[in-house]
Structures are given as structure tokens and as C-alpha cells.
Amino acid sequence: MNGTTKTRRLAIRGGLLVIYVLLMVLMIMTGRRHTILIDNKDAADGSYSAINGMEVAIDRQESSEYYPGDRDKAMVQGQTHKIKVTIFDDNKTIEKEFKVPLWSDVMIISVPKLVAGIEPWIEPFTMAEQIQEAQESGPPAGETSFQSIGPAQPMEVEQAPPTP
């Protein structure tokens with residue numbers, strides 16, 4: 001085996017390694033699934049209000065109707081997506097393109113913010129923030145929250161003497 005054969009084999013193996021790495025990056029970028037939460041709720045500070053009725057479609061998925069207070073999810077694959085919002089009251093259609101960060105699993109789109117032109121209208125969704133927001137805003141009108149009832153009191157258990 002001479003030197004040119006070794007060099008050629010090493011070059012082919014290096015080229016294959018580069019191709020494999022590029023394929024892995026391509027598969028991660030185009031194949032990763034994300035959950036998009038579509039939200040139609042009022043702002044806690046009153047800066048925007050929910051839309052009375054609308055139809056929302058992401059990419060080429062089937063559109064869904066939303067009314068004030070609704071939230072639903074859509075599963076998407078890849079990084080770049082289009083959202084189409086059709087408002088029932090004035091028959092206005094808004095189309096926007098957005099990108100989902102690569103390592104974000106769940107994002108939330110506030111459609112009232114999108115329609116009002118308030119940035120950012122898409123944000124990462126974290127459960128801790130949602131729990132905190134729910135605690136700050138309190139229960140919806142006419143509903144009772146478990147926290148308003150008070151903390152649970154441990155029940156006393158009578159201690160019986162052991163039986164022989």
C-alpha cells in the first residue's frame with residue numbers, strides 16, 4: 001500500500017464524515033417538532049383585548065375557530081412557519097411568517113398582540129410563568145379557586161395501641 005492510496009482513503013473517509021454531520025444538522029433543523037399554543041386572551045394590564053371571533057391556520061394545517069378566552073395547540077415541524085388569521089367582525093386577514101427557535105419545545109402566540117402589532121407576539125411557553133400569571137389574575141368570574149378556600153389541614157388520626 002503506497003502513500004497515495006492512504007491519502008485517498010483518508011480524504012474519502014473525511015468527506016463521508018462531513019456529509020454525515022451535514023445530514024444530521026439538516027435532519028435536526030427540518031425534522032424537529034414544536035408545539036405552538038394559539039392564545040386569544042385579554043392582557044392582564046388591559047393593553048389589548050381578545051378578538052371576538054377569528055379563524056387561525058398555521059402553515060397548511062386545517063384552520064380552527066377561536067373566541068375570547070380560547071387557547072389551542074398546533075404541532076409543527078421545522079423552523080419557519082406562516083400564520084393566517086381571519087377576523088370575523090371585519091373580514092380582515094393577517095398573514096405573518098415566524099421562526100421557532102431550534103431548542104424551544106413549546107411556544108405561545110398571542111393573536112390579539114399580533115393583530116394589534118405589539119411585539120413580541122410569540123414567546124417561549126414556560127409552565128412556571130403560566131402558574132404565576134394564573135395566581136396573580138385569580139379565578140375567572142363565577143369560579144372558585146382551591147387557593148381561596150384555604151390551606152388543607154392535616155386530619156388527626158387516633159393512635160390505637162398495637163394488638164398482640
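This report describes the fold, the strand pairing, the nonpolar core and two individual residues of the protein chain shown above.

**Model and overall make-up**

The model is a predicted one, and its mean pLDDT is 79, with 77% of the residues reaching 70 or more. Confidence varies among the elements: helix α4 (residues 146-149) has the lowest mean pLDDT, at 50, whereas β2 has the highest, at 89. Where pLDDT is low, the predicted coordinates should not be read in detail.

The protein chain holds 4 helices and 8 strands, which follow one another from the N terminus in the order α-β-β-β-β-β-β-β-α-β-α-α. Of the 164 residues in the protein chain, 25% are buried, and the accessible surface comes to about 12300 Å², with carbon and sulfur atoms contributing 56% of that area. Among contacts with a separation of 6 or more, 55% are made by residues 24 or more positions apart.

**Strand pairing**

Strands of a sheet pair through backbone hydrogen bonds, either parallel or antiparallel. In this model, 4 strands form an open sheet in the order β3-β2-β5-β6, with antiparallel pairing. Because β3 (64-66) and β6 (92-99) stand at the edges and each has a single partner strand, one side of each is left without a neighbour in the sheet. From one strand to the next, the twist averages 25 degrees.

Strand β1 pairs with β4 in the antiparallel sense and with β7 in the parallel sense. The table sets out three of the strand pairs with their bridge counts and one pair of facing residues for each.

| Strand pair | Sense | Bridges | Facing residues |
|---|---|---|---|
| β5 and β6 | antiparallel | 8 bridges | Thr80 and Lys99 |
| β1 and β4 | antiparallel | 8 bridges | Ile36 and Ala74 |
| β1 and β7 | parallel | 5 bridges | Ile36 and Met107 |

**The nonpolar core**

Strand β1 is mostly covered, since 7 of its 8 residues are buried. The largest nonpolar core has 20 residues, and those that touch the most other members are Ile36, Ile58, Ile83, Phe98 and Ile109. At least two residues of this core come from each of β1 (33-40), β2 (54-58), β4 (70-77), β5, β7 (106-110) and α2 (111-116).

Ile36, which has bridge partners in both β4 and β7, also reaches a number of residues that lie elsewhere in the sequence. Leaving aside neighbours within four places, the residues in contact with Ile36 include Ile58, Phe98 and Ile109, along with Asp72, Lys73, Val76 and Val100. Its bridge partners Ala74 and Met107 belong to that list of contacts as well.

**Two individual residues**

Thr86 lies in strand β5 and counts as buried, because its relative accessibility is 16% and the cut-off for burial is under 20%. Beyond neighbours within four places in sequence, Thr86 is in contact with Gly53, Met54 and Glu55, and also with Asn91, Lys92 and Thr93.

Pro68, by contrast, is placed in the loop between β3 and β4. With a relative accessibility of 45%, Pro68 counts as partly exposed. The C-alpha atoms of Pro68 and Ala50 are 5.2 Å apart in space, although the two residues are 18 residues apart in sequence. Ala50 is also one of the contacts of Pro68 beyond four places in sequence, a list completed by Asn40, Ile51 and Asn52.

Terms used:
Residues are numbered from 1 along each chain as its sequence is written. This is a predicted model: local features need pLDDT of at least 70, side-chain atom pairs count only at pLDDT 80 or more; totals for chains, interfaces and linings use all residues. Side-chain values use heavy atoms; hydrogens and water are left out. Buried means under 20% relative accessible area, exposed over 50%, partly exposed in between (1.4 Å probe, protein chains only). Contact means heavy atoms within 4.5 Å. Accessible areas come from the Shrake-Rupley method with a 1.4 Å probe; for residues, only the protein chains shown count as cover. Two strands pair if DSSP finds at least two bridges between them. Axes are lines fitted to C-alpha atoms, for helices over the stretch in contact, and angles run from 0 to 180 degrees between N-to-C directions. A nonpolar core is a set of buried Ala, Val, Leu, Ile, Met, Phe, Trp, Tyr and Cys residues joined through side-chain atoms within 4.5 Å. pLDDT is the predictor's confidence in each residue, from 0 to 100.
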